[in-house]
Amino acid sequence: MNEMYSLGLSIHSVVAFAILGVIFMNLFLLISKNDLKEYKRLHSIVLWPITFSVLGVTIFTGIIMMAAKHLDFSFANIIMILISIVYIALEVKRVKSLKYLSDTKEHAFNAYKPIARTILQVEFILILMLSLGMWLL
């Protein structure tokens, strides 16, 4: 049982690091792309599925580890759950605003970039603080 828990903790830790990589990749592509149609296509085909798949794996391994601990809610677990909810809400807000962005307006992408960059930076800081807390404690 202890081996299963330590394996789950290792997987959870690696996938939390992968979330940071996905956020960084989203931020890099947001800054580097200038064409809205190309960015929307790349986001819908590649970035969105990767983001939510990695988040799903993180939440799934967290649930498995909570079950292994007999649903013992600690302060750290509650903080992880709350940050996951905030992360999902921020991603939905960012994706929804991109979805309804008009392709015909000339400066729509330039208006979207600062908002999306701010959301991605907040997500990165939240996940980084959570990960550092998980790795150091």
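A crossing of two helices is called left-handed if the near helix is turned anticlockwise from the far one by less than a right angle. Keep that convention in mind while turning this predicted model in the viewer, since it is needed at two of the stops below.

**The whole chain**

Begin with the complete chain shown as a cartoon, where you will find four helices and zero strands, the elements running α-α-α-α from the N terminus on. Along the principal axes, the C-alpha atoms fill a box of roughly 55 × 25 × 20 Å.

**Helices α1 and α2**

Next select residues 2–32, which form α1, together with residues 36–68, which form α2. The axes of these two helices come within 9 Å and cross at roughly 160°; because angles over 145 degrees count as roughly antiparallel, α1 and α2 are described as roughly antiparallel to each other. With the opening definition in hand, the passage of α1 over α2 can be recognised as a left-handed crossing. Sorted by class, the residues in the contact of α1 with α2 are 21 nonpolar and eight polar, with no charged residues.

**Helices α3 and α4**

Now move the selection to α3, residues 75–99, and α4, residues 108–136, whose axes come within 10 Å and cross at roughly 165°. This pair, α3 and α4, is therefore roughly antiparallel as well, and α3 passes α4 in a left-handed crossing. To see the contact itself, show side chains on α3 for Ile79, Met80, Ile83, Val86, Tyr87, Leu90, Glu91, Lys93, Arg94, Ser97 and Leu98, and on α4 for Tyr112, Ala116, Ile119, Leu120, Val122, Glu123, Leu126, Ile127, Leu130 and Met134. Colouring this contact of α3 with α4 by class gives 16 nonpolar, one polar and four charged residues.

**The largest pocket**

For the last stop, switch to a surface display and look for the largest pocket, which has a volume of about 760 Å³. Which residues are the closest to its centre? Select His12, Ala76, Asn77, Met80 and Met134, which hold that position among the 31 residues that line the largest pocket. Two of these, Met80 of α3 and Met134 of α4, were already on display as part of the contact between those helices.

Colouring the lining by helix shows that α1, α2, α3 and α4 each supply at least two of its residues, while the largest share, nine residues, comes from α3. Recolouring the lining of the largest pocket by class instead divides it into 22 nonpolar, eight polar and one charged.

Technical notes:
Residues are numbered from 1 along each chain as its sequence is written. This is a predicted model: local features need pLDDT of at least 70, side-chain atom pairs count only at pLDDT 80 or more; totals for chains, interfaces and linings use all residues. Side-chain values use heavy atoms; hydrogens and water are left out. Axes are lines fitted to C-alpha atoms, for helices over the stretch in contact, and angles run from 0 to 180 degrees between N-to-C directions. Angles under 35 degrees count as roughly parallel, over 145 as roughly antiparallel, 65 to 115 as roughly perpendicular and the rest as oblique. Contact means heavy atoms within 4.5 Å. Ala, Val, Leu, Ile, Met, Phe, Trp, Tyr, Cys and Pro count as nonpolar, Asp, Glu, Lys and Arg as charged, and the others, Gly among them, as polar. On a 1 Å grid over the protein atoms alone, a cavity is a set of points where a 1.4 Å probe fits but cannot get out, and a pocket is an open set with protein on both sides within 12 Å along at least five of seven lines; lining residues have an atom within 4 Å of a point. Grid points are joined across faces, edges and corners, and a volume is the space filled by probe spheres set on the points.
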